[in-house]
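Work through the exercises below with the sequence and the structure side by side. Try each task before reading its solution.

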Amino acid sequence: MAFTLELTPAHHELVRRAHTFAEEVIRPAAPKYDELQECPWDIVDAAAREGFYNALFYADLIADPTGLSLPLFLEEIFWGCAGIGLTVVLPALALSALNQAGTPEQIATWAPEMFGTPGDIKLAALAVSEPQGGSDVSNLQTRAVKDGDDWVLNGTKIWIGNGGIADVTVVNAVVDPDLGTKGQAMFLVPKGTPGMDQVRRLDKLGHRASHTAELSFTDCRIPGDQLLGSEDKLNHKLDKARRGDSTRSAALGAFEQTRPMVAAMALGVARAAFEYACDYASRREAFGGPIIENQGVAFPLADLAADIDAARLLAWRASWMAANGVPFHCGEGSMSKLKASEVAVRAAEQAIQTCGGWGYVSDLPVEKWYRDAKLYTIFEGTSEIQRMVIGRTLATEASQTPQHHLLPGDHGGLSRKFGHGSLARARAGEAFLKLAQKAPHRLLELGGRLASPGR
Ligand SMILES: Cc1cc2nc3c(=O)[nH]c(=O)nc-3n(C[C@H](O)[C@H](O)[C@H](O)COP(=O)(O)OP(=O)(O)OC[C@H]3O[C@@H](n4cnc5c(N)ncnc54)[C@H](O)[C@@H]3O)c2cc1C
């Protein structure tokens, strides 16, 4: 379907419900979990009761052909608190890996295990990054070796959201070290599997309500059917890679599609900080008037207003492209994540500056937004990696062409010939105006009206 900015009544209702939940349930709990650095089980349970925490809910949002449901939802939830928001959506990241690589039986079996039900909440984790490098996914060291009917995993994973407390962990591991990213596969490892251990919980700058840990796998044995996808499919993929088939890795393409979602999360934090700063600047007085009356205060906020909106439009466009299978010729997913994460950091920093000394202490929430915002320039691909992805497309002809030139547009011959801006309309307009000039006054008036629509 065509890209549209017109929200449906269902979109408006989703925004209303998500915002109310963020304002009434998430925000009041945010300072506590930020301080305790504990998983907010009660809030996840409340999200599940509200219908915001189950596999079908996310499948439904992803299926929206406008592409807008998911970013609209995420922006509101992360506006509430980024750490709590991340805990609520982390299983959806694991679910997306399951959906992309799993067999229908695996999806039916494991998707419910990733979320649980109200009163019996479950968590999921996606474990890719390793201590020796997160950006360079071709350098993963965790090995998976087939032993009889089982797979045996050995290695270390770090910075894993919900790591060690997840009921299901999707683990990326190397099955053929000679094939780089194409020699990797994903495995489902349920909680309590001998050999998978939480080494330590990580003490973080921000997103402190989200549990993050280092995991180790030592002779961790899992049954063959916990390889994501079938073994035949894996062998076929490996054979293709050995033959030098250079098709782009599916995992990398998938990252481009999830990046607008991370952009929407960052926009939630950016908007929270921006709104707070505008409100504070309208109320705070200095030198006899509200500080927002000074251009030195208002102009940086005006720049943020424009930049947040621009980043949101990029995120919505990329999300619509993902939903409609439009190819990401110019790294449009990366563009949205890059812009949204960098504007989030700037918005939070400007919010501190606007609040002065009050912004620097934890009496106000802005210092927390500053700590939270920074993560977006690091995880799901650092800003440098986003620039690399965009940079790699620059030598291609497609990337030098604006995206809207590449879209198929309207196939209707009539619109092409007689639509707005067509040569036929231009000629007809000229002819009409010429005629009207020679005509009586009332016809001339009509000509004037036609020539200035919108007056
Ligand atoms: C709070 C948090 C939660 C996370 N959650 C998860 C999770 O749930 N699952 C998961 O698998 N991972 C997770 N991560 C890992 C995250 O994705 C990685 O930290 C990230 O990919 C960066 O990897 P790195 O930390 O190893 O940095 P490195 O790859 O070591 O990079 C260090 C610096 O070098 C730059 N750099 C590297 N290569 C280049 C290059 N070619 N050109 C220019 N600059 C370059 C990077 O941009 C960065 O600035 C999480 C991280 C954090 C902090």
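**Exercise 1.** Find glycine 116 and state where it lies relative to helix 6 and what phi it takes.

*Solution.* The model is a predicted one. Glycine 116 comes just after helix 6. Its phi is positive, at about 70°.

**Exercise 2.** Compare the reach of helix 6 with the span expected at 1.5 Å a residue.

*Solution.* Step 1: helix 6 covers residues 104-115, which is 12 residues. Step 2: the expected span is 1.5 Å times one less than the number of residues, and for helix 6 this comes to 16 Å. Step 3: from the first C-alpha to the last, helix 6 reaches 18 Å, close to the expected value.

**Exercise 3.** Which residues of helix 6 are buried, and which on the other side are exposed? Explain how the buried ones are arranged around the axis.

*Solution.* Step 1: a residue counts as buried if 20 or more other C-beta atoms lie within 10 Å of its own, and as exposed if there are 12 or fewer. Step 2: Trp110, Ala111, Met114 and Phe115 are buried in helix 6. Step 3: viewed down the axis of helix 6, the buried residues fall within an arc of 125°, so they line one face of the helix. Step 4: an α-helix has 3.6 residues a turn, so residues three or four places apart point the same way. Step 5: Glu105 and Ala108, on the other side of helix 6, are exposed. Step 6: the cover over the buried residues of helix 6 includes helix 3 (55-63), helix 5 (82-101) and strand 6 (168-174).

**Exercise 4.** Determine how helix 9 lies relative to helix 10.

*Solution.* Step 1: the axes of helix 9 (residues 295-323) and helix 10 (residues 332-355) come within 9 Å and cross at roughly 155°. Step 2: angles over 145 degrees count as roughly antiparallel, so helix 9 is roughly antiparallel to helix 10. Step 3: the crossing of helix 9 and helix 10 is left-handed.

**Exercise 5.** Do the same for helix 10 and helix 12, and name residues that make the contact.

*Solution.* Step 1: helix 10 packs with helix 12 (residues 366-373) at an angle of about 160°, their axes 8 Å apart. Step 2: helix 10 and helix 12 are therefore roughly antiparallel to each other. Step 3: the crossing of helix 10 and helix 12 is left-handed. Step 4: the contact includes Ala344, Ala348 and Ile352 of helix 10, and Trp369 and Tyr370 of helix 12.

Terms used:
Residues are numbered from 1 along each chain as its sequence is written. This is a predicted model: local features need pLDDT of at least 70, side-chain atom pairs count only at pLDDT 80 or more; totals for chains, interfaces and linings use all residues. Helices (H or I, at least four residues) and strands (E, at least two) are DSSP runs, numbered from the N terminus. The arc is that of the directions from the helix axis to the C-beta atoms. Two residues are in contact if their C-beta atoms, placed from the backbone, lie within 7 Å. Axes are lines fitted to C-alpha atoms, for helices over the stretch in contact, and angles run from 0 to 180 degrees between N-to-C directions. Angles under 35 degrees count as roughly parallel, over 145 as roughly antiparallel, 65 to 115 as roughly perpendicular and the rest as oblique. A crossing is left-handed if the near helix is turned anticlockwise from the far one by less than a right angle, and right-handed if clockwise.
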